[in-house]
Amino acid sequence: MLPFKHFGSNRAILNDIANKINNSGTHNGLIKLEKKNNSTAKPVVSKTDINQNEIDICSSKPLSLSPREIDEAFFVSEYVSDVMGYLFEQEELNSMSGVFLDQASPKLKDSRSRLINCLVKAQIKFDLNQEVLFLMVQIMDRYLDLEPIDSVDLVLLSACSFFIASKFDSRIGINLSVVNKMTTQSYSRTDIRRMEVKILNKLGFSLAKPMTLNFLRRFSIVSGVPNEEHILAKYFLELSLLDFEFSLMKPSYTAACALCLTFRLLKRFEWSIRLENESRYKMIDLRHGMQKLAQLVLKVNQNDFEFKETWKKFSDNKYLNVSTIAELNDFTIIDISNGKF
């Protein structure tokens with residue numbers, strides 16, 4: 001059993017996380033977020049987790065099939081082909097080797113999932129954009145895939161990943177003081193700066209790897225889905241952060257699997273020829289990813305599952321309570337989890 005304690009919801013967001021990870025086990029570490037407000041980072045609960053890009057996607061009406069009809073200036077539809085081509089190219093260039101998944105013990109994987117669960121709390125606490133959460137996890141996983149496991153200080157890595165990713169949300173100012181308090185001042189500002197530079201050097205100063213959200217938004221627009229389908233697919237994508245195996249999949253593939261699984265469960269849309277062309281995947285190609293997502297959803301639904309922050313987040317009315325809908329426990333998703341399509 002991992003040396004972690006269970007804390008209630010009134011405790012600090014990021015609690016006991018493995019300080020150092022190695023093949024034999026973990027050591028305790030503590031990351032804590034201050035409850036007091038300050039001028040640079042206000043820990044307030046987000047009013048909505050919907051990015052500005054998704055305002056039209058999550059409206060009460062289905063989307064137009066054409067981005068031009070939604071917002072010509074914002075979606076710059078004349079560049080869609082070039083933009084999507086670039087995203088597909090970047091996901092190929094930034095693929096991961098899977099070294100961490102091969103070498104990590106079950107304890108390490110559990111420790112990582114615990115950490116991701118805490119980062120979901122941090123994203124809500126600081127009212128950060130959804131992209132920041134996905135970028136935090138992407139930075140961590142890419143670093144873990146490149147760095148020898150027994151040399152990684154997980155607390156420092158998680159704090160610095162949070163620090164780097166938070167800079168992509170200009171509304172919130174996360175400074176070194178905040179990060180230092182998160183680690184209960186276990187590290188100096190110099191330690192944090194050095195780790196930040198080490199991470200960026202290890203990643204070649206490249207944070208251009210696309211996120212699953214980039215592809216999901218495009219696929220949702222193309223399919224013309226209403227808000228429930230889009231939010232449910234987002235729920236699947238956020239759950240996928242708990243499992244390192246999904247980090248090894250192409251972001252476009254995971255996004256396509258999440259949307260296709262949504263279609264199969266809600267039974268209001270189908271994986272069309274246009275979606276095949278846009279995503280570059282036929283439905284038969286998505287079966288493995290859909291099965292993995294279905295297994296993860298059923299696992300999270302269990303009462304004794306520990307890492308339920310994403311489930312709680314999407315059980316709120318803001319997200320149409322999608323994590324609690326009956327379709328996530330019915331025979332269809334059970335069959336899919338068993339490979340029966």
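Student: Helices (H or I, at least four residues) and strands (E, at least two) are DSSP runs, numbered from the N terminus, so how many of each does the protein have?

Tutor: The protein has 16 helices and 2 strands. Keep in mind that this is a predicted model, where local features need pLDDT of at least 70, side-chain atom pairs count only at pLDDT 80 or more, and totals for chains, interfaces and linings use all residues. Residues are numbered from 1 along each chain as its sequence is written, and side-chain values use heavy atoms, with hydrogens and water left out.

Student: Okay! What share of the residues is buried?

Tutor: Of the 341 residues, 56% count as buried. Buried means under 20% relative accessible area, exposed means over 50%, and partly exposed is in between (1.4 Å probe, protein chains only).

Student: And what about contacts between parts far along the chain, what percentage is that?

Tutor: A contact means heavy atoms within 4.5 Å. Among contacts with a separation of 6 or more, 77% come from residues 24 or more positions apart.

Student: New topic: how many salt bridges are there?

Tutor: A search of the whole structure finds 18. A salt bridge here is a side-chain nitrogen of Lys or Arg within 4 Å of a carboxyl oxygen of Asp or Glu. Side chains of opposite charge can pair when their charged atoms come close.

Student: Which residue does K312 pair with?

Tutor: K312 pairs with E309, and their closest N and O atoms are 3.7 Å apart. K312 and E309 are separated by about one helical turn, because they are 3 residues apart in helix α15 (residues 309–313).

Student: Are those two buried or exposed, or something in between?

Tutor: K312 is partly exposed at 45% relative accessible area, while E309 is buried at 16%.

Student: Which residue does R218 pair with?

Tutor: R218 has a salt bridge with E278, with 3.1 Å between the closest N and O atoms. R218 sits in helix α9 (residues 212–223) and E278 in helix α13 (residues 273–279), so this pair ties together parts that are 60 residues apart in sequence. Both R218 and E278 are buried.

Student: What does R171 meet?

Tutor: Its side chain meets that of D127 in a salt bridge, at 3.5 Å from N to O. R171 is in the loop between α6 (154–166) and α7 (176–182), D127 is in the loop between α4 (106–125) and α5 (130–146), and the two are 44 residues apart. R171 is partly exposed, at 47%, but D127 is buried, at 17%.

Student: Which residues are linked in a network of salt bridges?

Tutor: D110, R114 and E306 are linked that way.

Student: Back to that α4–α5 loop. Is F126 buried or exposed?

Tutor: F126, also found in the loop between α4 and α5, is buried at 3% relative accessibility. The C-alpha atoms of F126 and I174 are 8.8 Å apart, although these residues are 48 residues apart along the chain.

Student: How about holes inside? How many cavities are there?

Tutor: On a 1 Å grid over the protein atoms alone, a cavity is a set of points where a 1.4 Å probe fits but cannot get out. That gives 2 cavities of 30 Å³ or more. The largest has a volume of about 230 Å³. Grid points are joined across faces, edges and corners, and a volume is the space filled by probe spheres set on the points.

Student: Which residues line the largest one?

Tutor: Lining residues have an atom within 4 Å of a point. There are 17 of them, and the closest to the centre are Q138, T212, L241, F246 and S247. The elements giving two or more lining residues are α5, α11 (244–247) and α12 (251–266), and α5 has the largest share with 4 residues.

Student: Last one: how many disulfides?

Tutor: There are 0 disulfides, a disulfide being a pair of cysteine sulfur atoms within 2.5 Å. For C260, the nearest cysteine sulfur is that of C257, 7.5 Å away. C260 counts as buried at 1% relative accessibility, and C118 counts as buried at 8%.

Note on methods:
On a 1 Å grid over the protein atoms alone, a cavity is a set of points where a 1.4 Å probe fits but cannot get out, and a pocket is an open set with protein on both sides within 12 Å along at least five of seven lines; lining residues have an atom within 4 Å of a point.
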